[in-house]
Amino acid sequence: MNKLRFQIIFLALFFCGAASIVSAQQKTARFHVIALYENGGHHIEYSKVARPWLDKLAADSNFTIDYIQNTDLIDSAFLSKYQLFIQLDYAPYAWKEKAVKAFQDYIEKGRGGWIGFHHASLLGEFDGYPMWNWFSEFMGGIRWKNYIATFARAKVNVEDAHHPIMKGVPPSFMVEKEEWYTYDKSPRPNVHVIASVDESSYTPNSDIKMGDHPVIWSNPKVKARNVYIFMGHSPILFNSDAYQTIFRNAIFWAAGK
């Protein structure tokens with residue numbers, strides 16, 4: 001009887017201790033991330049690979065990440081729970097009005113950091129929605145113009161090797177498959193350019209070019225740490241060590257203060 005009582009007490013203490021450890025881990029997460037991505041379309045293949053990659057990074061690096069597939073929940077109270085907003089695959093239109101206001105406040109007042117990929121620069125009139133003028137200014141005053149629908153391989157050149165998101169990244173790297181958006185003008189005068197694509201390296205070659213063509217940049221005019229990384233279309237991006245390093249570095253930099 002005494003032995004059985006001892007075993008019961010031991011098990012109770014063990015499970016209580018385990019629960020306390022889990023609770024402590026949850027409370028001591030380094031930061032909390034919200035990721036927004038579309039729930040359909042051919043770009044979903046990118047998100048299907050990005051999500052488990054992010055989940056593993058979060059588990060290994062002690063931060064939490066939640067996912068949403070529309071802007072219905074976004075308001076100031078919702079965003080207050082997160083130190084980083086990842087616009088993984090979501091265009092800057094069709095947002096709910098309260099989400100628009102909350103996001104602008106989040107960025108302008110530096111309530112958290114932001115990383116945007118690919119569709120975040122799809123700026124213009126699409127699907128019956130007007131252009132979000134604030135977002136256009138945030139992205140450097142640009143408007144989407146065209147893209148290489150048949151895709152192209154290209155070389156990306158790092159322009160600011162000292163930026164934290166470029167730590168461990170080679171001076172240039174190849175992107176095997178992308179659409180390479182063009183805009184009505186280069187965002188360069190209004191943003192800090194971190195990397196650009198060498199349009200002469202397009203394979204196959206394309207006439208859809210814009211000359212000065214930044215593909216990674218940050219807007220220093222807002223309080224939030226922010227970075228736009230154009231490449232975010234194909235799941236094969238995650239076969240690139242350079243791409244994974246940039247993504248990983250961006251998370252820890254943008255989530256900081």
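**A tour from E38 to the β9 strand**

Start by selecting E38 and H119: their side chains make a polar contact at 3.3 Å (a pair of N or O atoms within 3.5 Å; within protein, one must be able to donate a hydrogen and the other to accept it, and residues adjacent in sequence count only if both atoms are side-chain atoms). This is a predicted model, where local features need pLDDT of at least 70 and side-chain atom pairs count only at pLDDT 80 or more, while totals for chains, interfaces and linings use all residues. Residues are numbered from 1 along each chain as its sequence is written, and side-chain values use heavy atoms, with hydrogens and water left out.

Stay on E38, in the loop between β1 (32-37) and α2 (44-61); helices (H or I, at least four residues) and strands (E, at least two) are DSSP runs, numbered from the N terminus. Now show what is in contact with E38 (heavy atoms within 4.5 Å): beyond four places in sequence, you'll find I44, Q69, D89, Y90, A91 and H119.

Next, pick D66 in strand β2 (residues 64-68). Add Y82, and you'll see a polar contact of 2.7 Å between the two side chains, D66 and Y82. Outside four places in sequence, D66 also touches V33, I34 and A35, among others. Then try H32: its C-alpha is 8.1 Å from that of D66, though they sit 34 residues apart along the chain.

Last stop: β9 (residues 192-203), which runs antiparallel to β6 (residues 152-158) through five bridges. Strands pair if DSSP finds at least two bridges between them. Select N157 to find S196 of β9 opposite. Four bridges also join β9 to antiparallel β10 (residues 214-218), with A195 opposite I216.
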